[in-house]
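Please open the model in a viewer and keep the selection panel at hand. The tour proceeds by selection, each stop naming what to display and what is found there.

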Amino acid sequence: MRPIRNKLGAVGAATVLALTGAAAASPAHAQPTGTTSLYAPSALVLTVGSGEEAGPVTVERAVTLSCETRPGGTHPSPAAACGELRAAGGEFSGLIDTSPRRICTREWDPVVITAHGVWQGKQVSWSATFGNTCLMEGGLAESALFAF
């Protein structure tokens, strides 16, 4: 009786070890991360800074803007900004007034605005340089996109 009990105990212990070892060694089947959406992603980082070019610019202000599925981010008026960008077909330069109705000094103190991220599923890297803050504000007129 004793040899049978020892064999059953050994078989039971081996089975438990095999099962726990197999469970520990088998890969976990994780669910994919992220959400599935019917909308192409639209998430941007918008900046305003001092400098002549977007690369070495000193960023003074920056916000995030997400337009799908609901407008959001740190932008103060995300719904208005997303609406403007949709109306412009995602063309940032379409939001700049090329003949602003503002009188500005000819002072050279360049300001660069940038947009980086994804707009309707496409990678975006855009920038524009203005001679000074007055020219930037005049060129952006009533636009909410860079009003932060």
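Begin by selecting Phe92 in this predicted model. Leaving aside residues up to four places away in sequence, Phe92 touches Leu44, Leu85, Ala115, Val124, Trp126 and Leu145. Phe92 is also among the residues with the most contacts inside the largest nonpolar core, a set of 24 residues. Add Leu46, Ile113, Trp126, Leu145 and Phe146 to the selection, as these share that description. Now colour the elements that give two or more residues to this core: strand 1 (43–50), strand 2 (58–66), helix 2 (78–87), strand 3 (111–119), strand 4 (122–130) and helix 3 (133–140).

Zoom out to the full chain. The protein has three helices and four strands, and along the sequence they run α-β-β-α-β-β-α. Of its 148 residues, 30% are buried. Among contacts with a separation of 6 or more, 58% join residues 24 or more positions apart. With a surface displayed, about 9,900 Å² is exposed, and carbon and sulfur atoms supply 58% of that area.

Next, select helix 3. Which of its residues are buried? They are Met136, Gly138, Gly139 and Leu140. The cover over these buried residues includes strand 1, strand 2, strand 3 and strand 4. At the start of helix 3, display Asn132: a side-chain oxygen of Asn132 comes to within 3.1 Å of the backbone nitrogen of Cys134. Just after helix 3, Ala141 adopts a positive phi of about 45°, although Ala141 is not a glycine. Ala141 is partly exposed, with a relative accessible area of 45%.

A second residue of this kind is Gln120, in the loop between strand 3 and strand 4. Gln120 is not a glycine, yet has a positive phi of about 50°. Its relative accessible area is 43%, so Gln120 counts as partly exposed.

Move to helix 2 and select Glu84. Where is the nearest side chain of opposite charge to Glu84? It belongs to Arg86, 11 Å away; Glu84 is buried and has no salt bridge. Residues up to four places away in sequence apart, Glu84 touches Leu95, Glu142, Ser143, Ala144 and Leu145. Leu145 leads back to the opening stop, where Leu145 is one of the residues touched by Phe92.

Charged pairs come next. A search of the whole structure finds two salt bridges. One of them joins the side chains of Arg86 and Glu68, at 3.6 Å from N to O. This pair links distant parts of the chain, 18 residues apart: Arg86 is in helix 2, and Glu68 is in the loop between strand 2 and helix 2. Arg86 is partly exposed, at 37% relative accessible area, and Glu68 is likewise partly exposed, at 23%.

For the other pair, select Arg102 and Glu137, whose closest N and O atoms are 2.9 Å apart in a salt bridge. Arg102 lies in the loop between helix 2 and strand 3 and Glu137 in helix 3, so the pair ties together parts that are 35 residues apart in sequence. Arg102 is partly exposed at 41% relative accessibility, as is Glu137 at 39%.

Finally, return to Glu68 and display the backbone. The peptide bond from Glu68 to Thr69 is cis, with omega near -5°. Thr69 is placed in the loop between strand 2 and helix 2.

Key
Residues are numbered from 1 along each chain as its sequence is written. This is a predicted model: local features need pLDDT of at least 70, side-chain atom pairs count only at pLDDT 80 or more; totals for chains, interfaces and linings use all residues. Side-chain values use heavy atoms; hydrogens and water are left out. A nonpolar core is a set of buried Ala, Val, Leu, Ile, Met, Phe, Trp, Tyr and Cys residues joined through side-chain atoms within 4.5 Å. Buried means under 20% relative accessible area, exposed over 50%, partly exposed in between (1.4 Å probe, protein chains only). Contact means heavy atoms within 4.5 Å. Lys and Arg count as positive and Asp and Glu as negative; His and the chain ends are not counted. A salt bridge is a side-chain nitrogen of Lys or Arg within 4 Å of a carboxyl oxygen of Asp or Glu. A polar contact is a pair of N or O atoms within 3.5 Å; within protein, one must be able to donate a hydrogen and the other to accept it, and residues adjacent in sequence count only if both atoms are side-chain atoms. Accessible areas come from the Shrake-Rupley method with a 1.4 Å probe; for residues, only the protein chains shown count as cover.
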